[in-house]
Amino acid sequence: MKKQTINLTVNGKEFTLDVDVRKSLADVLREQGFTSVKQGCGVGECGACTVLVDDVAVDSCIFLAMWANGKKVRTTEGECKNGKLSPVQQAYVEAGAVQCGFCTPGLIMTTTSFLERNKGRKVTREEIRKGHAGNLCRCTGYETIVKAVESVVEVAEEE
Amino acid sequence: MFPIEKYHMAESIQDAVRALAEDEKARVIAGGTDVLIRLHEGHGDYRNLVDINNLDELREIRMDEQGNVIIGALASFTNIIEHEVVRAHVPVIGEAVNTVGGPQVRNRGTMGGNICNGAVSADSACAALVHEVDLVIENAEGERVESIIGFHTGPGRVSLKPGDLLKHFRVRPENYRDFGACYYKYAMREAMDIATIGCAAAVKLDGETISELRLAYTVSAPTPIRCATAEQAAKGKPLTAATLAEIAQAVEADVKPRTSWRASMEFRLHVIRTLAQRVTRQAAERAGGTFK
């Protein structure tokens with residue numbers, strides 16, 4: 001199968017890669033050392049491989065690496081700046097929303113995208129739950145995750 | 001690695017149509033949320049791909065000069081949900097596709113894929129059926145238009161022929177103006193689930209009576225369907241509980257639910273009757289009606 005050259009930036013750094021067109025973005029990112037990108041189900045159900053492509057959350061296991069050509073990819077490695085955790089990462093630590101940690105990188109990217117999309121807007125607990133429905137976690141029971149998200153977004157008073 | 005054997009990234013609609021015409025085994029890949037999963041599972045039918053992801057013109061959502069709502073085949077569910085033209089004129093389409101999967105899947109999955117893969121459970125199918133959307137299709141011979149009515153020919157089958165490329169959906173003004181519409185997906189979970197039953201209704205009122213009901217279901221027959229008997233039963237009827245009961249009774253003649261691991265035939269029929277009432281009522285209320 002032919003290889004094709006793609007240009008992309010990952011966490012602000014430019015890459016030119018010859019990729020096999022059969023490969024997923026998750027495969028290619030892991031090969032480049034971005035091992036925060038976890039491969040769980042491989043069919044877009046668990047969300048562990050979630051990354052942002054041009055700031056849109058996608059399951060990188062069902063996203064061809066080819067499609068990242070010319071795009072800006074963000075993984076959780078890049079959210080930590082100068083050794084300082086992002087507000088979302090910090091919120092996960094403080095809420096105890098991390099147990100085994102396998103789902104955490106994907107969830108952090110989903111929350112990051114959720115936060116950016118809802119900037120300056122009050123969200124309900126229901127919206128937080130729906131906004132994170134594409135990520136599975138076997139350890140936390142989700143309550144701590146929802147609390148972590150609530151601590152970084154503006155939350156509406158619910159009846 | 002996905003077991004892809006042939007891959008062509010289309011550079012234009014003409015290029016895609018030519019690549020599809022050259023290889024009758026070729027399949028279109030759009031958002032990839034179904035095709036890549038089938039490849040992951042080793043499915044043999046999706047090994048020769050024509051990729052349309054570079055065709056940004058197919059992502060467009062707009063209203064044309066004739067008042068038709070145009071939804072590009074490659075528009076993602078998220079684009080559809082958030083688009084102001086959809087919200088203002090055909091909100092039920094956004095409501096329906098907002099029930100698909102989770103956010104990551106909605107960011108990539110397309111209405112074109114949802115309809116063209118022929119899934120009996122396609123959430124967008126019900127909404128498309130009540131608005132009687134047209135499908136604008138291109139192939140080597142040129143462009144043609146097909147109605148969504150009759151487009152589904154069996155489970156997983158649609159009337160696309162080898163070499164066909166769906167370009168966009170078109171909702172004509174007479175099929176959305178003055179209608180109130182509603183979609184309800186009955187599923188076991190509130191996200192990441194496939195419908196046990198999906199139901200959409202569009203209602204047009206003449207004062208306080210129903211002048212037109214359009215009722216559609218998924219997973220209630222071998223294809224997504226419209227319900228001629230129930231629609232006829234609603235004509236000219238007042239907005240009352242008795243009318244809703246009549247519609248729910250009549251719909252039994254239109255559906256052929258079956259037992260699967262998701263639900264039994266009897267249970268599905270119960271959900272079908274219940275939703276006929278709930279969804280019709282809400283569609284009528286959205287059309288400005290009040291039930292007595």
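**Figure 1. B:Asp178 sits in a loop between two strands of chain B.** In this predicted model, the loop that holds B:Asp178 runs between strand S10 (165-171) and strand S11 (180-186) of chain B. B:Asp178 is exposed, with a relative accessible area of 63%; the cut-off for that class is over 50%. Leaving aside residues up to four places away in sequence, B:Asp178 touches B:Val203 and B:Lys204. B:Ala287 also belongs in this view: its C-alpha atom is 6.9 Å from that of B:Asp178. Along the chain, B:Asp178 and B:Ala287 are 109 residues apart. Confidence for the chain as a whole is given by a mean pLDDT of 97 for chain B. In chain B, 100% of residues reach 70 or more.

**Figure 2. A salt bridge links helices H11 and H5 of chain B.** B:Arg286 pairs with B:Glu95, and their closest N and O atoms are 2.7 Å apart. B:Arg286 belongs to helix H11 (residues 265-286) and B:Glu95 to helix H5 (residues 91-97), so the pair ties together parts of chain B that are 191 residues apart in sequence. B:Arg286 has a relative accessible area of 43% and is partly exposed. B:Glu95 is partly exposed too, at 26%.

**Figure 3. B:Glu252 and B:Arg273 tie a loop to helix H11 of chain B.** The two side chains meet in a salt bridge, with 2.9 Å from N to O. B:Glu252 lies in the loop between helix H10 (241-250) and H11, whereas B:Arg273 lies in H11 itself, so the pair ties together parts that are 21 residues apart in sequence. The relative accessible area of B:Glu252 is 32%, which makes this residue partly exposed. B:Arg273 is partly exposed at 28%.

**Figure 4. Shared partners join five residues of chain A into one salt-bridge network.** The members are A:Asp55, A:Lys72, A:Arg74, A:Glu79 and A:Glu116. A:Asp55 is found in the loop between strand S3 (50-53) and S4 of chain A. Its phi is near 70 degrees, a positive value in a residue other than glycine. A:Asp55 counts as partly exposed, at 32% relative accessibility.

**Figure 5. A:Glu127 and A:Arg121 form a salt bridge within chain A.** Their closest N and O atoms are 2.7 Å apart. A:Glu127 is partly exposed, at 29% relative accessibility. A:Arg121 is partly exposed as well, with a relative accessible area of 38%. Over all chains, the count of salt bridges comes to 33.

**Figure 6. B:Glu132 has a positive phi in a loop of chain B.** The loop lies between helix H8 (123-130) and strand S6 (134-139) of chain B. Phi of B:Glu132 is near 45 degrees, and the residue is not glycine. B:Glu132 is partly exposed, with 22% relative accessibility. The cut-off for buried is under 20%, so B:Glu132 does not fall in that class.

**Figure 7. Chain A and chain B share an interface that buries about 2,400 Å².** Carbon and sulfur atoms account for 63% of that area. On the chain A side, A:Arg22, A:Ile62 and A:Trp67 supply 26% of the area buried against chain B, more than any other three residues. In contact are 33 residues of chain A and 30 residues of chain B. The model scores ipTM 0.96 and pTM 0.96.

**Figure 8. A:Arg117 and B:Glu82 form a salt bridge across the interface.** The closest N and O atoms of the pair are 2.1 Å apart. The rule finds one salt bridge across this interface. Polar contacts across the interface number eight residue pairs, with both residues at pLDDT 80 or more. On chain A, strand S4 (56-59), helix H3 (104-117) and helix H4 (125-131) are the elements that give two or more residues to the side touching chain B. S4 of chain A gives the most, with four residues. By class, the chain A side divides into 14 nonpolar, nine polar and ten charged residues.

Technical notes:
Residues numbered from 1 in each chain as written. Chains lettered and ligands numbered in written order. Heavy atoms only, no water. pLDDT = per-residue confidence, 0-100. Contact = heavy atoms within 4.5 Å. Buried area = accessible area lost by both parts, 1.4 Å probe. Salt bridge = Lys/Arg side-chain N within 4 Å of Asp/Glu carboxyl O. Polar contact = N/O pair within 3.5 Å; in protein donor to acceptor, adjacent residues only side chain to side chain. Nonpolar A, V, L, I, M, F, W, Y, C, P; charged D, E, K, R; others polar. Buried < 20%, exposed > 50% of the residue type's maximum accessible area, 1.4 Å probe, protein only.
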